[in-house]
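Q: I have a chain open here and want to go through it piece by piece. Can you start with how the elements are named?

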Amino acid sequence: MVFGLKIKNILFILLGSAIFSFGVVHFNMQNNLGEGGFTGITLLFYFLWKWDPAISNLILNIPVFFIGWKFLGRNTFLYTIIGTGAVSIFLYVFQINPLKIDLHSDMTLAALFAGVFIGVGLGIIFRYGGTTGGVDIIARLVHKYIGWSMGKTMFLFDFVVITTSVFTILDLVNGMYTLVAVYVGARVIDFIQEGAYSARGATIISNNNDAIAEKIIKDMDRGVTVLSGRGSFTGEKRDVLYCIVGRNEIVRLKNIINDIDPHAFVAVSSVHDVVGEGFTLDENKNPIND
């Protein structure tokens, strides 16, 4: 712990900042692609006047920090300072001797890689408690004093930045590729945030609940929760089983249910970012992958 901050979080925020900055320098800057948020503004300044994004990133964010620090909380604020500072440092470092990745003949690939690197970098930063400042803080302020949702504010900000970029330094085609990169980045951020591990949740309604639950616990070593339910049509009260298993275990679960009660009602849904025993904790409540 450093000033109450986790070393692991700091290291991953630094890693995310490096990945993010690599993508900005080697795919956005080298291929004349814009971006949303404060990153888009720094790129706009770079393409128009050759201002160093490493410097403009700090210039844009420092005033926002002082305005909105109380909305982040102490730890998030400190992680955000670390993330923003690291982004500027890595932007500077990668510009010193950048790799020459010539993708001008395949802008689709450039847009995809820009979105992936920015999405992975930001996803890691967000997952470990940090932000990169900028629009996130502004969105919190607007939500508090005007009442707009954070998503609406961030969307409008990105729209204005990208539109401005299209009408100033990007042609229409590059503007369209920028939208592809932004979309890919948003989806990758969601993927990182929700967790790469996707489990399956099964809701089971059967006349043989006890036998099914016992078999799942014994054969699959998975817990089963019994919920109280009532049929809206018949008004009949009955228990409902709920069980979460790994994605590769769902066929086995269905086979167990089918063997005991072929007429059971089973609804399976995707479950993201599962936390708890059997997934992130072992049987002794200790972290599995800490």
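A: Helices (H or I, at least four residues) and strands (E, at least two) are DSSP runs, numbered from the N terminus. This is a predicted model, where local features need pLDDT of at least 70 and side-chain atom pairs count only at pLDDT 80 or more, while totals for chains, interfaces and linings use all residues. Residues are numbered from 1 along each chain as its sequence is written, and side-chain values use heavy atoms, with hydrogens and water left out.

Q: OK. How many helices and strands does the protein chain have?

A: The protein chain has 10 helices and 4 strands. Along the sequence the pattern reads α-α-α-α-α-α-α-α-β-α-β-β-α-β.

Q: And how much of it counts as buried?

A: Of the 290 residues, 42% count as buried. Buried means under 20% relative accessible area, exposed over 50%, and partly exposed in between (1.4 Å probe, protein chains only).

Q: Salt bridges next. How many are there?

A: The count comes to 2 salt bridges. The rule asks for a side-chain nitrogen of Lys or Arg within 4 Å of a carboxyl oxygen of Asp or Glu.

Q: Which residue pairs with aspartate 219?

A: Lysine 215, with the closest N and O atoms 3.1 Å apart. Both residues lie in helix H9, 4 residues apart, about one turn of the helix. Aspartate 219 is partly exposed because its relative accessibility is 30%. Lysine 215 is also partly exposed, at 37%.

Q: What does arginine 222 meet in a salt bridge?

A: The side chain of glutamate 249, at 3.1 Å from N to O. Arginine 222 lies in the loop between H9 and S2, and glutamate 249 in the loop between strand S3 (237–246) and helix H10 (250–260), so the pair ties together parts that are 27 residues apart in sequence.

Q: Are those two buried or exposed?

A: Arginine 222 and glutamate 249 are both buried. Glutamate 249 counts as buried because its relative accessible area is 15%. Its C-alpha atom is 8.5 Å from that of arginine 200, which is 49 residues away along the chain.

Q: Backbone, then. Which sign does phi usually have?

A: Most residues other than glycine have a negative phi, and most peptide bonds are trans.

Q: So what is phi at asparagine 32?

A: Phi of asparagine 32 is near 60 degrees, a positive value in a residue other than glycine. Asparagine 32 is in the loop between H1 and H2, and it is partly exposed because its relative accessibility is 26%.

Q: And aspartate 221, where does that lie?

A: In the loop between helix H9 (209–220) and strand S2 (225–230). Aspartate 221 is not a glycine either, yet has a positive phi of about 55 degrees. With a relative accessible area of 67%, aspartate 221 is exposed.

Q: Change of topic: pockets. What volume does the largest one have?

A: The largest pocket has a volume of about 1,100 Å³. It is lined by 44 residues, and the closest to its centre are Glu35, Gly36, Gly37, Met154 and Asp158.

Q: How is a pocket defined?

A: On a 1 Å grid over the protein atoms alone, a pocket is an open set of points where a 1.4 Å probe fits, with protein on both sides within 12 Å along at least five of seven lines; lining residues have an atom within 4 Å of a point. Grid points are joined across faces, edges and corners, and the volume is the space filled by probe spheres set on the points.

Q: Which helix supplies the largest share of the lining?

A: H7, with 9 residues. Other helices that each supply at least two include H1 (7–29), H4 (74–96) and H8 (172–194).

Q: How does the lining divide by residue type?

A: Into 20 nonpolar, 18 polar and 6 charged residues. Here Ala, Val, Leu, Ile, Met, Phe, Trp, Tyr, Cys and Pro count as nonpolar, Asp, Glu, Lys and Arg as charged, and the others, Gly among them, as polar.

Q: Back to the surface. Which residues make the nonpolar patch?

A: Tyr145, Ile146, Trp148, Phe155, Leu156, Phe159 and Val160, over about 780 Å². Patch residues have over 30% relative accessible area and no salt bridge, and nonpolar side chains (Val, Leu, Ile, Met, Phe, Trp, Tyr) are joined within 5 Å. Areas come from the Shrake-Rupley method with a 1.4 Å probe, and for residues only the protein chains shown count as cover. Helix H7 (residues 150–168) gives the most to the patch, with 4 residues.

Q: Why does phenylalanine 155 count as exposed?

A: Because its relative accessibility is 56%. Phenylalanine 155 is in helix H7.

How values were computed
Patch = residues over 30% accessible without salt bridge, like charges linked within 9 Å, V, L, I, M, F, W, Y side chains within 5 Å.
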